[in-house]
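Open the model in your viewer and keep the sequence panel beside it. The tour below goes stop by stop, with a selection to make at each one.

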Amino acid sequence: MDIKAIKTGADSQNILIVPVFAKTDKLTGRLSEIVEHGEFEARLGETYSDIANGQKLVWVGLGEKNKLTPELAKMAGGKTWSSLGQIGDRSVGLVIDKAIKSSLALSLIEGLLLRNYADLRYKTGEESAKTHNRLLTSLNIIGEVDAAFKKELQELIKIVEATHYARDLVMTPSADQRPEDLANEAAKLAHTYNNVTFEALSKKELQEQGLNLLLAVNRGSAYEPRLIVLQLNHDKKDKPIVLVGKGITFDSGGYNIKPSDSFLEVMHTDMAGAATVLATIKALAELGCKKKVIGIIPATENLVSGDAYKPADIIRSYAGLTVEIKNTDAEGRLILADALSYAIKNFDPNYVVDLATLTGACIVALGFRYAGLFSNNSDLQKKIRTASIDSGEKVWALPLDDTFKDQMKSPVADLANLGNAGRFAGASTGAAFLAHFVGETPWAHIDIAGPSFQSKETESWNPPTYATGFGVELLVKLIQQN
Ligand code: BES
Ligand code: MG
Ligand code: ZN
């Protein structure tokens with residue numbers, strides 16, 4: 001993608017995008033005409049396509065000036081993309097005038113670029129060409145922008161590219177993406193960036209070290225598990241920030257097998273947390289981040305076989321706590337428990353954030369646009385909420401307390417992987433299980449089961465029926481700010 005900021009040249013673009021605030025008094029020319037005729041009111045996200053002198057014009061409404069937020073500008077950017085239609089090799093310009101604050105202009109550009117994505121890896125023929133023709137390959141930003149704007153633009157392009165990379169990983173079918181392939185993906189990042197190091201524990205090493213929860217979930221699979229460890233600025237002496245991502249490359253539910261109407265057909269996306277962690281490390285490396293950041297990914301399939309783990313099995317975790325398996329479909333918390341305790345024991349983190357498509361209950365509670373946020377540390381929780389507002393990736397705090405933690409105790413083992421209140425407050429009990437493995441280390445758990453994949457209800461900057469890459473920008477902002 002070739003993106004340039006230029007001072008003039010609005011007349012020479014094949015397609016020209018012009019953002020407009022509602023209720024501004026200084027309307028002139030064609031714009032005052034369409035507004036007067038009531039064809040365009042500049043409502044937020046409203047678009048109006050026009051032709052003037054052989055040039056396609058797209059007017060984009062920004063709503064009232066004092067109501068525009070980063071998230072809303074991002075939304076308008078996504079809608080703008082959808083109104084562009086076929087682009088082919090036509091040049092596209094976007095007018096940024098002084099009326100719009102540069103941070104909001106950048107959010108608009110971000111929404112446009114995030115939406116400018118299609119996964120064509122498995123498409124052939126005419127339809128593929130058509131979709132391809134809708135993608136922008138270059139964008140001219142036209143206006144008086146300063147050096148700070150240009151710098152932030154370059155940063156945002158890197159975040160968008162990393163988000164697209166996360167989407168690709170999430171979309172890859174499980175037949176083409178085993179745990180070993182995820183590890184190879186991580187190895188590639190270490191190859192590309194010389195301040196990134198890679199390591200992956202094999203099944204044998206996991207056995208030697210006793211990551212038995214990860215191994216238990218893996219038993220039904222024909223493919224070996226991995227614990228992937230990526231380190232950015234490995235040489236630094238500081239306490240690291242640790243990111244942990246759930247890497248279930250397919251979740252059948254195991255012997256508590258999922259029925260057909262329970263998202264089984266998208267359970268190859270159960271590694272969205274892992275994808276976000278990989279993409280965040282990539283973005284941070286691209287941005288020249290100087291902090292020490294470690295990404296940890298427990299990766300396995302959750303399947304059935306003659307050797308698969310079963311309800312009532314009791315497993316000794318890496319941390320030493322024993323866990324009664326009450327439901328083999330509550331596998332995410334098992335692999336995360338081992339990964340979190342491995343991170344805390346071996347890396348002494350400053351703080352830890354895990355991302356996981358952990359519970360259907362979180363979707364029931366919050367829907368598809370909000371991730372659930374849980375933490376044992378109010379300061380970290382606040383920082384994540386700030387980063388969330390800045391990125392437009394929504395999180396909402398849900399409760400986590402000792403009562404939920406107590407519900408995870410088992411009569412026959414230290415813990416059970418299902419709360420004794422069954423499915424009630426399922427997102428909170430899932431988080432409470434994890435809380436038993438993090439102790440006092442500042443930790444937050446972000447349940448992304450809803451926003452990692454969009455089917456119907458979609459943010460305009462996310463393509464419908466696609467992975468979203470949720471969380472990359474949120475984590476980048478969090479780490480940049482803290
Ligand atoms: N991967 C699922 C969670 C999920 C469900 C993600 C739907 C995206 C869409 C997870 O492993 C799971 O199966 N969770 C169970 C937990 C339950 C058994 C306590 C669930 O949500 O039903
Ligand atoms: Mg499951
Ligand atoms: Zn799962």
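**Stop 1: F40**

Select F40, which is buried, having 21 other C-beta atoms within 10 Å. A residue is called buried if 20 or more other C-beta atoms lie within 10 Å of its own, exposed if 12 or fewer, and partly exposed in between, with C-beta atoms placed from the backbone. F40 sits in the loop between α1 (29-36) and β3 (47-52). Helices (H or I, at least four residues) and strands (E, at least two) are DSSP runs, numbered from the N terminus.

Before going further, note that this is a predicted model: local features need pLDDT of at least 70, side-chain atom pairs count only at pLDDT 80 or more, and totals for chains, interfaces and linings use all residues. Residues are numbered from 1 along each chain as its sequence is written, while chains are lettered from A and ligands numbered from 1 in the order in which they are written.

Now add the residues that F40 contacts: I34, V35, E46, Y48 and W59, leaving aside neighbours within four places in sequence. Contact here is two C-beta atoms, placed from the backbone, within 7 Å. From F40 to W59 the C-alpha distance is 8.3 Å, across 19 residues of sequence.

**Stop 2: M408 and a small set of strands**

Move to M408, in the loop between α13 (402-406) and β17. M408 is also buried, with 23 C-beta neighbours inside 10 Å. Beyond four places in sequence, M408 touches L415, A416, G419, T429, A432, F433 and H436. The C-alpha atoms of M408 and G430 are 8.7 Å apart, although 22 residues separate them along the chain.

Next, colour the open sheet β12-β13-β17, whose three strands have mixed pairing. Its edge strands, each paired on one side only, are β12 (314-316) and β17 (415-416). Strands count as paired if DSSP finds at least two bridges between them. Strand β13 (residues 322-324) runs parallel to β17 and is joined to it by two bridges. To see one, select V323 and its bridge partner in β17, L415.

**Stop 3: ligand 1**

Which residues are closest to ligand 1? They are D329, A330, T359, G360 and A449, out of 17 that surround the ligand, counting a residue if its C-beta atom, placed from the backbone, lies within 6 Å.

**Stop 4: the whole protein**

Zoom out to the 15 helices and 20 strands. The C-alpha trace spans about 75 × 50 × 40 Å along its principal axes. Buried residues account for 50% of the 482.
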